Structures are given as C-alpha cells and as structure tokens.
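Subject: Handing over a protein model

Dear colleague,

I am passing on the structure we spoke of, with my notes on it underneath. Please have the viewer open as you read.

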Amino acid sequence: MTAAAPQDLPPAEGGAPGSHQRELVLRVMPMPADANGNGDIFGGWIMAQVDIAGAVLPTRIARGRIATVAVNQFIFKQPVSISDLLSFYATVIRVGNTSVTVHVEVYAERNPEDPEVVKVTEANLTYVAIDLEGKPRQIPPARR
C-alpha cells in the first residue's frame with residue numbers, strides 16, 4: 001500500500017446523525033458510461049455525486065427539503081478511473097438560520113491486487129432549507 005500524507009487518509013467514521021461529525025454518506029463505483037475517451041471519469045459526474053453526498057447531512061438537519069445554493073470550493077486532486085470505489089465523507093462546518101455548509105472529501109480505493117486509498121476530490125457546498133414553494137425557511141432551532 002502506498003504511503004499517504006495524514007490529511008489524505010480516509011477519516012474515521014463520525015458519530016450519530018446530526019452530531020456534525022464526519023460521516024460516510026455515500027459509496028459508489030463509476031462505470032464506463034461515466035468516463036471520457038481517456039478512461040478518466042468526467043468531472044461533472046464527480047460534482048453531481050458530491051452534491052448528492054453533501055446533501056445527506058443538511059437534509060437531516062433541516063428536516064425537510066433543501067436546495068444547493070453555492071459551491072464555495074471544489075478541488076480535483078487526482079483523476080478518478082473506472083472501477084475506483086469512491087467513498088464520500090461529509091462534515092457540517094456551519095449551520096445558520098436557513099442554511100447549512102458542508103465539507104465533502106472523496107477517497108478512491110483502487111488497485112484491488114495491491115490496495116491503495118487516495119483523496120481525489122474535496123469541496124465545500126452550501127444548502128438552504130426550503131418550504132414547499134421553494135422559499136427559504138428556518139432550520140429547526142434544536143438542529144443548529
């Protein structure tokens with residue numbers, strides 16, 4: 001197994017839902033249809049998966065509908081290949097009156113014969129709680 005810097009190692013799993021600790025929120029394996037002509041996974045596909053993963057904790061906190069309002073930062077650290085097993089970890093970094101900001105880290109598990117885990121992407125996204133009409137609403141006080 002290749003040595004990695006401590007900040008690039010997958011985090012330990014977090015606490016109970018709503019604890020604002022780092023949690024494994026999604027695990028997925030990209031398929032050939034998700035790749036470009038060079039065999040690398042499209043960045044847009046990864047961004048969509050990060051948005052899905054990033055929404056898990058804010059949905060719990062908001063106890064209802066949310067919408068992505070900002071992608072504050074998105075860093076592609078390494079390419080992702082077909083059959084990499086991707087693990088998405090989310091950490092709530094801020095809860096406001098109507099919004100939740102989340103940090104998502106993506107790790108790829110690759111080379112099954114000689115396993116290697118590497119951080120491939122990280123991002124900060126902000127979601128806003130919305131009502132049935134799509135207008136911002138307050139996050140329940142107990143969740144802030």
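The notes below go from confidence to the fold and then to the core.

This is a predicted model, in which local features need a pLDDT of at least 70 and side-chain atom pairs count only at pLDDT 80 or more, while totals for chains, interfaces and linings use all residues. Residues are numbered from 1 along each chain as its sequence is written, and side-chain values use heavy atoms, with hydrogens and water left out.

The pLDDT (the predictor's confidence in each residue, from 0 to 100) averages 90 over the protein chain, and 85% of the residues score at least 70. Please treat residues 13-17 with care, where pLDDT stays under 50.

The protein chain has one helix and five strands (DSSP runs of at least four residues for a helix, H or I, and at least two for a strand, E, numbered from the N terminus), in the order β-α-β-β-β-β from the N terminus on. Of its 144 residues, 40% are buried (under 20% relative accessible area, with a 1.4 Å probe and protein chains only).

The largest nonpolar core (buried Ala, Val, Leu, Ile, Met, Phe, Trp, Tyr and Cys residues joined through side-chain atoms within 4.5 Å) has 30 residues, and Val50, Leu86, Phe88, Val104, Val106 and Val120 are those with the most contacts inside it. Helix H1 (43-62) and strands E2 (66-76), E3 (85-95), E4 (99-110) and E5 (116-129) each give two or more residues to this core, and H1 gives the most, with eight. Leaving aside residues up to four places away in sequence, Val50 is in contact (heavy atoms within 4.5 Å) with residues including Phe74, Phe88, Val104 and Tyr127.

Best wishes

Notes:
Buried means under 20% relative accessible area, exposed over 50%, partly exposed in between (1.4 Å probe, protein chains only).
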